[in-house]
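Here is a brief report on one protein model. Keep the sequence and the 3D view at hand while reading.

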Amino acid sequence: KLLTDTTTYSSQNTGEYGGRDAIIMMQQVFHGKFSSLKWVVNSVRETKTGVIVFDYDFTGKQHDGTEVHSSGLEYITVLYGRIQVIEIKNKS
C-alpha cells in the first residue's frame, strides 16, 4: 500500500522501474536469485522533509554458493504517506 502506480525505482544494480507492479516483480526476481539475504542498516536520516536516506551494507548468498556484497545509500521520497521515489546508489 506504500507504493503507487507512479512510484519510480532506480538502482545501478537492477535498473529503472515505474509503478507498483513493475517494482514488486523486479523485487521478486532479485530476491529469487539468492538463498539468503541480509541488509545491515548503518544509519537512517531524514535529509529534508519527506526524504529518508538509509546507509546500508548488503550480503547475499546465491543458489550456487557465491556471496555478493555491496554497500549503498537508499533514498526514499515520501509524500502524503506514500512512496514516490526509491533511488539506490552504490558506494564506491
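The report covers the sheet, the helix, the pocket and three single residues.

**The sheet**

This is a predicted model. Its open sheet has six strands, in the order S2-S1-S6-S5-S4-S3, and the pairing is mixed. Which strands stand at the edges? They are S2 (15–18) and S3 (34–48). Each has a single partner strand, so one side of each is left without a neighbour in the sheet. On average, neighbouring strands are turned by 15 degrees against each other, direction ignored. Strands of a sheet pair through backbone hydrogen bonds, and the pairing is either parallel or antiparallel.

Start at the S2 edge. S1 (residues 8–11) and S2 run antiparallel and are joined by four bridges. Within this pair, Tyr-9 stands opposite Tyr-17 in S2.

Now go to the other edge. S3 and S4 also run antiparallel. Twelve bridges join them. Val-40 faces Asp-57 of S4 across this pairing, the two residues standing opposite each other. The hairpin of S3 and S4 has two residues between the strands. In that hairpin Gly-50 takes a positive phi near 85 degrees.

**The helix on the sheet**

Helix H1 (residues 20–32) packs on the sheet. What does H1 touch? Its contacts are with S1, S2, S3, strand S4 (51–62) and strand S6 (82–90). The direction of H1 makes about 130 degrees with that of S3.

**The largest pocket**

The largest pocket has a volume of about 480 Å³. It is lined by 21 residues. Those closest to its centre are Tyr-9, Gln-27, Trp-39, Glu-74 and Ile-88. Tyr-9 thus appears twice in this report: it lies opposite Tyr-17 in S2, and it is listed among the residues closest to the pocket centre.

Which elements give two or more residues to the lining? They are S1, H1, S3, S4, strand S5 (67–79) and S6. H1 gives the most, with five residues. By class, the lining has 14 nonpolar, six polar and one charged residues.

**Three residues in detail**

The table lists the relative accessible area of three residues.

| Residue | Relative accessible area | Class |
|---|---|---|
| Thr-4 | 12% | buried |
| Asp-55 | 15% | buried |
| Tyr-80 | 78% | exposed |

Thr-4 sits in the segment before S1. Why does Thr-4 count as buried? Its relative accessible area is 12%, and buried means under 20%. Leaving out residues up to four places away in sequence, Thr-4 touches Gly-19, Arg-20, Arg-82 and Ile-83. Gly-18 is 14 residues from Thr-4 in sequence. In space, the two are 9.2 Å apart, C-alpha to C-alpha.

Asp-55 belongs to strand S4. Asp-55 counts as buried because its relative accessible area of 15% falls under the 20% cut-off. Sequence neighbours up to four places away aside, Asp-55 touches Val-40, Val-41, Asn-42, Ser-43, Gly-72, Leu-73 and Lys-91. One of these, Val-40, is the residue that stands opposite Asp-57.

Where is Tyr-80 found? Tyr-80 is in the loop between S5 and S6. Tyr-80 has a positive phi of about 55 degrees, although it is not a glycine. With 78% relative accessibility, Tyr-80 counts as exposed, since exposed means over 50%.

Conventions: Residues numbered from 1 in each chain as written. Predicted model: local features only at pLDDT ≥ 70, side-chain atom pairs only at ≥ 80, totals over all residues. Heavy atoms only, no water. Pairing = 2+ DSSP bridges. Axes fitted to C-alpha atoms, helices over the stretch in contact; angles between N-to-C directions. Contact = heavy atoms within 4.5 Å. 1 Å grid on protein atoms, 1.4 Å probe; cavity = no way out; pocket = protein on both sides within 12 Å on 5 of 7 lines; lining within 4 Å. Points joined across faces, edges and corners; volume = space filled by probe spheres on them. Nonpolar A, V, L, I, M, F, W, Y, C, P; charged D, E, K, R; others polar. Buried < 20%, exposed > 50% of the residue type's maximum accessible area, 1.4 Å probe, protein only.
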